[in-house]
Amino acid sequence: MSEDGRIPVFVERKTYRRRRMADAARMLPMLGAMLFCLPLLWAIDEEPRTALTMFYLFLVWVGLCVVSAVISAHLPTEADNSQTEDQTEGP
Amino acid sequence: MASLNALAIVCVLYVVVLFSVAFAADRAALHGRGAWLRSPIVYTLSLSIYCTAWTFYGAVGFAVRSGLEYVTIYLGPTLIMIGWWWTLRKMVRVGRSQRITSIADLISSRYGKSNTLAVFVTLLAVIGTTPYIALQLQSVTLSFQIFAENDLLQRQTVSQQSIAFWVAGGLAVFTILFGTRNLDANERHHGVVMAIALEAVVKLFALLAVGVFVVWGLSGGIGETLARIDASPIKNFEVSGSRWVGLTMLSAAAFICLPRMFQVMVVENEDESHLRTAAWAFPAYLMAMSLFVVPIAAVGLEKLPSASNPDLFVLTLPLQEGQDGLAILSFLGGFSSATSMVIVAAIALSTMVSNHIVMPIWLWMSGGTAMVSGDVRNVALLARRISIAGIVFLGYLYFRVSGGGAALAAIGLISFVGVAQFLPALMGGLFWRGANRVGALAGLVTGAAIWLYSLFLPSFGDTFLMPQHVIEHGPLGIDWLRPQALFGTEGLDPIVHAFMWSVFLNTLVFLVVSLLSFPRPVERLQGAQFVNVFQHSGTAGTWSGGLAQSEDLLIMSQRIMGPAEAQALFSEAAKRQGIAGLLPEPTPDFLQELERVLSGSVGAATAHAMISQIVGGATVSVEDLMAVADETAQIMEYSSRLEAKTEEQARTARQLREANDKLTQLSVQKDAFLSQISHELRTPMTSIRAFSEIMRDTEGLTEDEQNKYSSIIHDEAVRLTRLLDDLLDLSVLENAQVLLNWQSGTLEEVLDRAVSAAGGSDPDFQIDRLPQREHFELRSDLDRLAQVFINLISNARKYCDAKDPVLKIRAKRSDDRLIIDFIDNGSGIPMDKQTLIFEKFSRIGETKAGGAGLGLAICREVMARLSGAITYLPGQKGAAFRVTVPIDSPSVKAAG
């Protein structure tokens with residue numbers, strides 16, 4: 001929304017933090033996708049054990065849930081005003 | 001062994017519980033109680049309809065066949081859910097602000113409320129979902145059969161078809177009862193959602209219970225279980241990369257695009273912030289659902305006979321081990337998964353079918369107007385109920401015709417690929433303003449065609465539509481058109497192959513056609529509204545009101561929303577507009593609000609069509625287009641207004657300048673006059689004083705001298721008197737204190753008198769008259785009129801500088817006025833003086849002695865009193881004056 005021209009360059013610390021949380025929320029699925037695909041690379045020499053892979057996948061899964069819970073709690077809310085939303089609006 | 005009768009009783013009891021929960025939730029919501037109905041946990045649990053019987057039973061079968069690969073079905077939704085900030089947030093916001101009723105409605109709404117698109121999306125959704133419903137019926141039937149086979153007391157076999165029929169019938173009744181309580185699909189179906197949430201708990205609990213039983217009951221702990229997994233055929237992680245990635249992406253796409261997911265995620269969403277909880281709670285739910293799948297598969301493979309169906313391990317393992325209670329619980333879990341999916345899918349699809357297919361057809365059949373007799377509300381509700389029954393029946397029919405079996409089991413992923421075709425149009429519509437209707441339609445058609453050709457039709461094997469030789473060698477033997485190896489891409493899994501090609505070509509066509517075609521104004525408006533939904537959450541396409549009749553609108557709305565709701569809405573709007581009574585003005589704002597409310601009941605396209613029937617088209621007003629053209633238009637309008645203002649100011653300035661010039665000139669004239677008048681007064685005074693002093697002081701003046709001097713004094717005194725008379729006369733005239741003496745006479749007489757008084761015509765100054773044209777009778781103050789004429793004639797005599805001065809006097813009649821022109825052959829009056837000659841004290845040329853410059857001013861005043869006028873007549877050779885005088889004016893008489 002750069003054409004708006006009215007968005008301040010510097011915002012207060014709290015708003016800044018919330019915006020970075022929104023960035024984190026956007027990056028989390030990418031990180032998750034990468035981690036979920038990792039077992040594919042283990043299969044180069046010999047196929048990994050299902051049990052091990054299962055442990056890995058479920059650990060990543062739980063980790064993602066926890067991180068997602070933490071991030072979601074800190075994301076900008078409706079009450080944080082719509083300007084933040086403007087700024088954080090994706091492409 | 002569990003008896004089939006016991007199972008039937010439990011099943012019926014469970015259904016009764018479901019009905020009561022739904023009923024209680026609806027009642028609680030109706031009475032405003034039950035804030036817990038709107039909790040984020042209920043929302044999260046309702047999302048669990050993603051896990052159908054196919055995943056409840058099928059996941060284990062999937063794991064038996066291909067190991068850990070089954071988790072991809074859950075990984076996709078997990079990634080979408082934790083990335084809710086990207087897409088789901090926007091979808092939910094758009095859905096709420098535009099009152100979206102289904103995914104077909106969303107796509108149609110975004111692309112200019114196009115019903116063609118909505119119909120296409122609806123058809124594709126029905127084609128994709130019907131087999132899926134059949135799959136649910138099959139799973140319930142199969143699980144019943146398992147019990148029947150194990151029930152030793154049961155003599156006669158239970159008909160598969162009859163079970164499926166009763167289940168389908170019960171589901172249709174439930175859905176109709178609780179899914180069509182209210183017409184507004186945008187209102188929440190609290191009963192349904194509550195029942196689904198309960199079922200979500202039941203199925204999770206059932207699967208976890210079986211899992212715990214398998215791990216700790218059968219295997220004897222985690223370590224033992226791991227050892228069993230390592231000993232089983234699925235001990236190694238043998239997954240092809242393309243399937244792993246492809247299926248994850250496919251399930252992610254389907255999670256967004258499935259009509260039933262859209263229904264619970266967007267349409268039934270109560271509060272946007274519920275996504276916050278669902279963002280971690282739903283992935284956790286999915287994780288729990290898939291946690292024990294591999295152990296169950298491994299133990300099942302070990303313990304059960306090799307011929308048994310791996311898709312039913314969840315059920316057969318407890319049965320085999322004699323755990324009847326657990327088996328029944330497991331059965332209920334599967335039953336819950338199947339029923340909740342069918343219920344929500346039927347609601348979602350029936351909304352689409354009735355709003356986008358049945359209602360438009362009904363409107364068209366009923367003469368294309370919503371004003372004809374008949375209750376639209378009832379028609380819409382009936383359409384939805386019939387649609388629900390129809391869709392469930394279609395699923396049943398599909399199940400009967402296909403006869404169950406492996407073909408049906410594979411339909412889950414095939415159905416996913418079908419609905420994934422909505423993805424490009426959906427995402428493009430949400431994030432790209434350039435996406436347009438033609439592009440979306442072209443992309444959808446392309447994607448659907450490839451899906452049908454390369455996946456759906458081949459899935460039935462050798463059929464009339466897709467014979468075996470086409471599958472193997474391509475149509476007409478064209479190798480690179482083989483349905484499962486398009487363009488030579490051999491060796492790919494059919495699902496991944498079809499998914500890749502259909503979505504890729506769908507997206508490509510969508511993008512290219514969108515780039516090349518031009519959207520309609522409504523599409524552009526909606527595009528802006530959708531893509532920038534966080535900037536302005538309004539609706540687009542205002543109505544240009546005025547033509548609409550509020551009463552017609554009310555009649556229509558009552559038929560759709562019900563009288564009480566419609567009247568409440570209208571009187572609320574009227575109150576906001578400050579109007580007493582029920583009918584508000586059909587302002588664009590009100591029409592917009594009404595359309596949005598109606599679209600909650602019958603869908604955006606139909607609501608739009610209904611209002612435009614009454615309002616009369618024209619949905620994009622000039623103001624909207626101006627809004628689209630950003631602020632340019634406003635700026636232009638503002639600048640043109642400024643321009644007009646500037647022009648006006650310039651005009652005023654010019655007038656002021658002219659007035660100022662005139663004032664300055666007048667001031668100069670006045671100064672000149674003052675010096676003139678003092679000179680004029682002083683000259684006779686000086687001679688009077690001088691000659692009277694001579695007569696007083698000089699002794700022995702002769703009689704002649706005395707006479708001469710006293711006559712000079714007398715002449716000068718007369719001159720002085722005349723000057724003062726003139727001034728007095730003018731003053732009297734100007735103050736309108738003059739008394740007019742009205743007489744009748746002819747113009748000829750007046751002119752004769754004036755000419756002789758002014759010295760007559762002689763060789764030095766000829767007066768050219770046409771007496772035969774001067775026989776005009778008139779009634780006026782003839783003395784005053786003569787005075788004006790005398791003044792004009794003597795002026796000409798005084799100032800005409802021609803060698804042989806001639807004054808032409810011409811008279812003519814125009815209507816009830818006489819026009820007399822006095823034109824001499826001199827050099828005339830310069831242009832710049834023409835405006836000043838009638839002013840007091842004005843004198844042209846200082847050279848010739850004469851009056852004090854009061855003559856013409858007096859003339860003007862006299863003519864004004866006589867209701868006539870005297871003007872300078874430009875464009876003649878010499879000086880020319882035109883006198884206009886009324887022949888007989890009653891107003892003059894009255895004034896006189």
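Is Glu523(B) buried or exposed? In this predicted model, Glu523(B) counts as buried, because its relative accessibility is 4%, and buried means under 20% relative accessible area. The report starts from this residue and its partner, then turns to other salt bridges, the contact between the chains, the cavities and some single sites.

## Salt bridges

Over all chains, the whole structure holds 21 salt bridges. One of them joins the side chains of Arg437(B) and Glu523(B), with 3.8 Å from N to O. This pair links distant parts of the chain. Arg437(B) belongs to helix α21 (residues 437-456) of chain B, while Glu523(B) belongs to helix α24 (residues 521-531) of chain B. The two residues are 86 residues apart. Glu523(B) is buried, but Arg437(B) is partly exposed, with a relative accessible area of 22%.

A second salt bridge is found between the side chains of Asp821(B) and Arg882(B), whose closest N and O atoms are 2.8 Å apart. Asp821(B) lies in strand β5 (residues 817-824) of chain B and Arg882(B) in strand β7 (residues 880-886) of chain B, so this salt bridge ties together parts that are 61 residues apart in sequence. Asp821(B) is buried at a relative accessible area of 8%, and Arg882(B) is partly exposed at 22%.

A third salt bridge, between Arg689(B) and Glu693(B), also has an N to O distance of 3.8 Å. Both residues sit in helix α30 (residues 632-697) of chain B, and because they are four residues apart, about one helical turn separates them. An α-helix has 3.6 residues a turn, so residues three or four places apart point the same way. Arg689(B) is exposed, with a relative accessible area of 58%, whereas Glu693(B) is partly exposed at 36%.

The table sets out these three pairs.

| Pair | N to O distance | Relative accessible area |
|---|---|---|
| Arg437(B) and Glu523(B) | 3.8 Å | Arg437(B) 22%, Glu523(B) 4% |
| Asp821(B) and Arg882(B) | 2.8 Å | Asp821(B) 8%, Arg882(B) 22% |
| Arg689(B) and Glu693(B) | 3.8 Å | Arg689(B) 58%, Glu693(B) 36% |

Chain A has a network of salt bridges, in which Arg20(A), Asp23(A) and Arg26(A) are linked.

## Where the chains meet

How many residues of chain A are in contact with chain B? There are 39 on the side of chain A, and they are in contact with 43 residues of chain B. About 3700 Å² of area is buried between chain A and chain B, and carbon and sulfur atoms give 68% of this area. Thr50(A), Phe58(A) and Trp61(A) supply 18% of the area that chain A buries against chain B, more than any other three residues. The interface of chain A and chain B contains zero salt bridges.

## Cavities

The structure has five cavities of 30 Å³ or more. The largest cavity encloses about 110 Å³ of space. Its lining is made of 14 residues. Nearest the centre of the largest cavity lie Leu37(B), Val42(B), Val193(B), Glu268(B) and Glu270(B). The elements that give two or more residues to this lining are α2 (40-46) and α9 (190-219) of chain B. By residue type, the lining of the largest cavity divides into six nonpolar, four polar and four charged residues.

## A covered helix and two single residues

Helix α6 (residues 103-110) of chain B is mostly covered, with eight of its eight residues buried. Among these buried residues are Asp105(B) and Arg110(B), along with Ile103(B), Leu106(B) and Ile107(B). After α6(B) comes Gly112(B), which has a positive phi, near 70°.

Arg228(B) is placed in helix α10 (residues 222-231) of chain B and counts as buried, at 17% relative accessibility. Which residues is Arg228(B) in contact with, leaving aside its neighbours within four places in sequence? They are Leu218(B), Ser219(B), Ala298(B), Val299(B), Glu302(B) and Lys303(B).

Ala284(B) is part of helix α13 (residues 274-291) of chain B. Ala284(B) is partly exposed, with a relative accessible area of 25%. Between the C-alpha atoms of Ala284(B) and Thr78(B) there are 8.5 Å, although the two residues are 206 residues apart along the chain.

Technical notes:
Residues are numbered from 1 along each chain as its sequence is written. Chains are lettered from A and ligands numbered from 1 in the order in which they are written. This is a predicted model: local features need pLDDT of at least 70, side-chain atom pairs count only at pLDDT 80 or more; totals for chains, interfaces and linings use all residues. Side-chain values use heavy atoms; hydrogens and water are left out. Buried means under 20% relative accessible area, exposed over 50%, partly exposed in between (1.4 Å probe, protein chains only). On a 1 Å grid over the protein atoms alone, a cavity is a set of points where a 1.4 Å probe fits but cannot get out, and a pocket is an open set with protein on both sides within 12 Å along at least five of seven lines; lining residues have an atom within 4 Å of a point. Grid points are joined across faces, edges and corners, and a volume is the space filled by probe spheres set on the points. Ala, Val, Leu, Ile, Met, Phe, Trp, Tyr, Cys and Pro count as nonpolar, Asp, Glu, Lys and Arg as charged, and the others, Gly among them, as polar. Contact means heavy atoms within 4.5 Å. Buried area is the accessible area (1.4 Å probe) that two parts lose on being put together, summed over both.
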